[in-house]
Amino acid sequence: QVQLVESGGGLVQAGGSLRLSCSASGSILSINVMGWYRQAPGKQRELVAGITSGGMTNYADSVKGRFTIFRDNVKNAVFLQMNSLKPEDTAVYYCNANGVTRGHQYFGVWGQGTLVTVSS
């Protein structure tokens, strides 16, 4: 069983910065893709940023140039550095990971979510 634990959310003023962290634990052989999603009240969950084990990244247009995703493959962790935050970035942010367990089973798991609130 693979679990994700997130941290780093909170309240910040517009223009400020936050860093989210997500750590995976369990019977992990490899993690292929890790990503951050967010869900604002009344809206669907959307991809914010993703990163492969080789370091390839992709971002939502709305966060390009402001957010940076990076990971530590040794620690099975992924991070999201968020700069120049805007009120519209307010949402619950979820970590996601897809990979293979030591039992050679594919997995896809979500974290519990961490709330980011940006005040104007």
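Which strand does Q81 lie in? Q81 sits in strand β8, which covers residues 77-82. This is a predicted model, and its chain has zero helices and 11 strands. Below is a quick tour: the chain overall, then the sheet around β8, then Q81 itself, the disulfide, the β9 and β10 hairpin, and finally G50.

**The chain as a whole**

- Reading from the N terminus, the elements go β-β-β-β-β-β-β-β-β-β-β.
- The radius of gyration is 14 Å, and because a compact globule of 120 residues would come out near 14 Å, the two agree.
- Measure the C-alpha trace along its principal axes and you get spans of about 50 × 25 × 20 Å.
- Buried residues make up 42% of the 120 in the chain.
- Take the contacts between residues at least 6 apart in sequence: 56% of them join residues at least 24 apart.

**The four-stranded sheet**

- β8 belongs to an open sheet of four strands, ordered β1-β3-β8-β7 and paired antiparallel.
- The edges are β1 (2-7) and β7 (67-72); each has a single partner strand, so one side of each has no neighbour in the sheet.
- From one strand to the next, the twist averages 15 degrees.

**β7 and β8 up close**

- β7 and β8 run antiparallel, with six bridges joining them.
- Two of the bridge pairings can be named: T68 partners Q81 in β8, and D72 partners A77 in β8.
- The two strands form a hairpin with four residues between them. In that turn, N76 has a positive phi of about 55 degrees.
- Side chains alternate along β7. F67, I69 and R71 point to one face and are buried, whereas T68, F70 and D72 point to the other face and are not buried.

**Q81 in its surroundings**

- Is Q81 buried or exposed? Its relative accessibility is 15%, so Q81 counts as buried.
- The side chain of Q81 makes a polar contact of 2.7 Å with the side chain of R19.
- Leaving out residues up to four places away in sequence, Q81 touches S17, L18, R19, R66, F67, T68 and F70.
- Two of those names come up elsewhere: T68 is the bridge partner of Q81, and R19 is the polar contact partner.

**The disulfide**

- How many disulfides are there? The count comes to one disulfide.
- The link is between C22 and C95, with the sulfur atoms 2.1 Å apart.
- C22 is in strand β3 (residues 18-26) and C95 is in strand β9 (residues 91-101), so the bond ties together parts that are 73 residues apart in sequence.
- The link of C22 and C95 is left-handed, at -80 degrees about the S-S bond.
- Both C22 and C95 are buried.
- β3 also has a place in the sheet with β8, in the order β1-β3-β8-β7.

**The β9 and β10 hairpin**

- β9 and β10 pair in the antiparallel sense, over five bridges.
- One of the bridge pairings is A97 with V109 in β10.
- Four residues lie between the two strands of this hairpin, and H104 takes a positive phi near 65 degrees.
- Strand β10 (residues 106-110) also has alternating side chains. F107 and V109 point to one face and are buried, whereas Y106, G108 and W110 point to the other face and are not buried.

**G50**

- Where is G50? G50 is in strand β5, residues 46-52.
- G50 counts as buried because its relative accessibility is 5%.
- Not counting residues up to four places away in sequence, G50 touches M34, G35, M56, T57, N58 and I69.
- One of those contacts, I69, is among the buried side chains of β7.
- G50 and G103 are 53 residues apart in sequence, and their C-alpha atoms are 25 Å apart in space.

Conventions
Residues are numbered from 1 along each chain as its sequence is written. This is a predicted model: local features need pLDDT of at least 70, side-chain atom pairs count only at pLDDT 80 or more; totals for chains, interfaces and linings use all residues. Side-chain values use heavy atoms; hydrogens and water are left out. Buried means under 20% relative accessible area, exposed over 50%, partly exposed in between (1.4 Å probe, protein chains only). A polar contact is a pair of N or O atoms within 3.5 Å; within protein, one must be able to donate a hydrogen and the other to accept it, and residues adjacent in sequence count only if both atoms are side-chain atoms. Contact means heavy atoms within 4.5 Å. A disulfide is a pair of cysteine sulfur atoms within 2.5 Å. Two strands pair if DSSP finds at least two bridges between them. Axes are lines fitted to C-alpha atoms, for helices over the stretch in contact, and angles run from 0 to 180 degrees between N-to-C directions. The radius of gyration is taken over C-alpha atoms; the globule rule is 2.2 Å times the number of residues to the power 0.38.
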